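Hi everyone, thanks for making time for this. I'd like to walk you through one model, so let's put it up on the screen.

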Amino acid sequence: MAIEVRHVSKTFTKFAALRDVSLRVKDGELIALLGPSGSGKTTLLRIIAGLDTPDPDTASVVMVDGDDISQRSLSDRRVGFVFQHYALFRHMTVFENVAFGLRVRPRRHRLAEPLLRKRVNDLLELIQLTRWSSHFPTQLSGGQRQRVALARALAIEPSVLLLDEPFGALDAKVRQELRRWLRTLHQRIPVTSVLVTHDQEEALEVADRVVIMNNGRIEQQGTPDEVFHHPVSEFVLTFLGNVNLFHGRNEGKVFARPHELDIDREILDPAGVPAKIVRIQSAGPVVKVELVGEDGETIAVELTHERHRELGIRTEDRVFVRLKKALAEIY
């Protein structure tokens, strides 16, 4: 089901968390709300869920599938919510945690026990935890607990799935595995989903569309490729990864990401910047070179291993950095 918010504002005392935000999420789409702390992404998620309400003096609307749900309670919105810290019931087994939302439904909407058990078992098979159904949360790993939390949210067949930094409490390797798993899960169960994250890599890898927020407003939205390769502002450019800033003629500025730069031992480009190498990190898929320019500014360059071997550069070498491609120019 499609989600739409129109002209939503939210103020806490004197802090404006959201400023006239409008957003539409298409049916079956998975979007990521991405931004720094305080940008408004979690507040927007909570308003969609019904956990918070917009400012009363604004003409704000929250709609699901064309139906205005602004005045509906959380329990009437059929929203699945997954938190960062699992929020599982420690005294319940994995099976009963997943079944919880089904068991607390009003009696007239409750499934018969055989149908309930089938739905829960189907979900446990989907998240690959069937053999852990009788275990308790404390007997599971962090990644397994988060999968149980996702299955519990999906059990009620929500119209919308909301995920508030669901992998933030996990280590890097588990987060990477769960990102791939979430993408696969969404392809199998394409419920309209909104993911809040401050992790750029996570947003770019998982989402169909990325919505970048800053100071309570939407700065840019588009496919991962669009927001990364075609940023509309200096904020988006610098927020999505490491960026080098070069001052050009007439007070101009040129921004370039590390992989857009190259290094030469001799000046082959008149615009090449003299610099000294201070650190080389070759462990990983690319070689990361840290340099210092004549103005004292740090420059970060990423080279292929082949290019690194070809150059034969070492720490303390004096070289020239040239721009392969400017990502953005602001005059």
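Before we start, one term: two strands count as paired if DSSP finds at least two bridges between them. And please keep in mind that this is a predicted model.

With that in hand, look at strand 14, residues 273–281, and strand 15, residues 287–293: they pair in the antiparallel sense, over six bridges. Within that pairing, Ile277 sits opposite Leu291 of strand 15. Both strands belong to an open sheet of five, ordered 13-17-14-15-16, with antiparallel pairing. At its edges are strand 13 (261–264) and strand 16 (298–303), each pairing on one side only. Ignoring direction, neighbouring strands here are turned by 45° against each other on average.

Now to the other sheet I want to show you. Six strands make up this open sheet, in the order 6-7-8-3-9-10, and its pairing is mixed. Strand 6 (79–82) and strand 10 (217–222) are the edge strands. From one strand to the next, the twist averages 20°. Helix 1 packs on this sheet, touching strands 3, 6, 7, 8 and 9, and its direction makes about 150° with that of strand 7 (160–164).

For a parallel pair, take strand 3 (residues 30–34) and strand 9 (residues 209–214), joined by four bridges. There, Leu33 has Val211 as its bridge partner.

Last stop: how much of helix 1 is buried? Seven of the nine residues in helix 1 (41–49) are, among them Leu44, Leu45, Ile47 and Ile48. Just after the helix, Gly50 adopts a positive phi of about 95°. Thanks, all!

Technical notes
Residues are numbered from 1 along each chain as its sequence is written. This is a predicted model: local features need pLDDT of at least 70, side-chain atom pairs count only at pLDDT 80 or more; totals for chains, interfaces and linings use all residues. Side-chain values use heavy atoms; hydrogens and water are left out. Helices (H or I, at least four residues) and strands (E, at least two) are DSSP runs, numbered from the N terminus. Axes are lines fitted to C-alpha atoms, for helices over the stretch in contact, and angles run from 0 to 180 degrees between N-to-C directions. Buried means under 20% relative accessible area, exposed over 50%, partly exposed in between (1.4 Å probe, protein chains only). Contact means heavy atoms within 4.5 Å.
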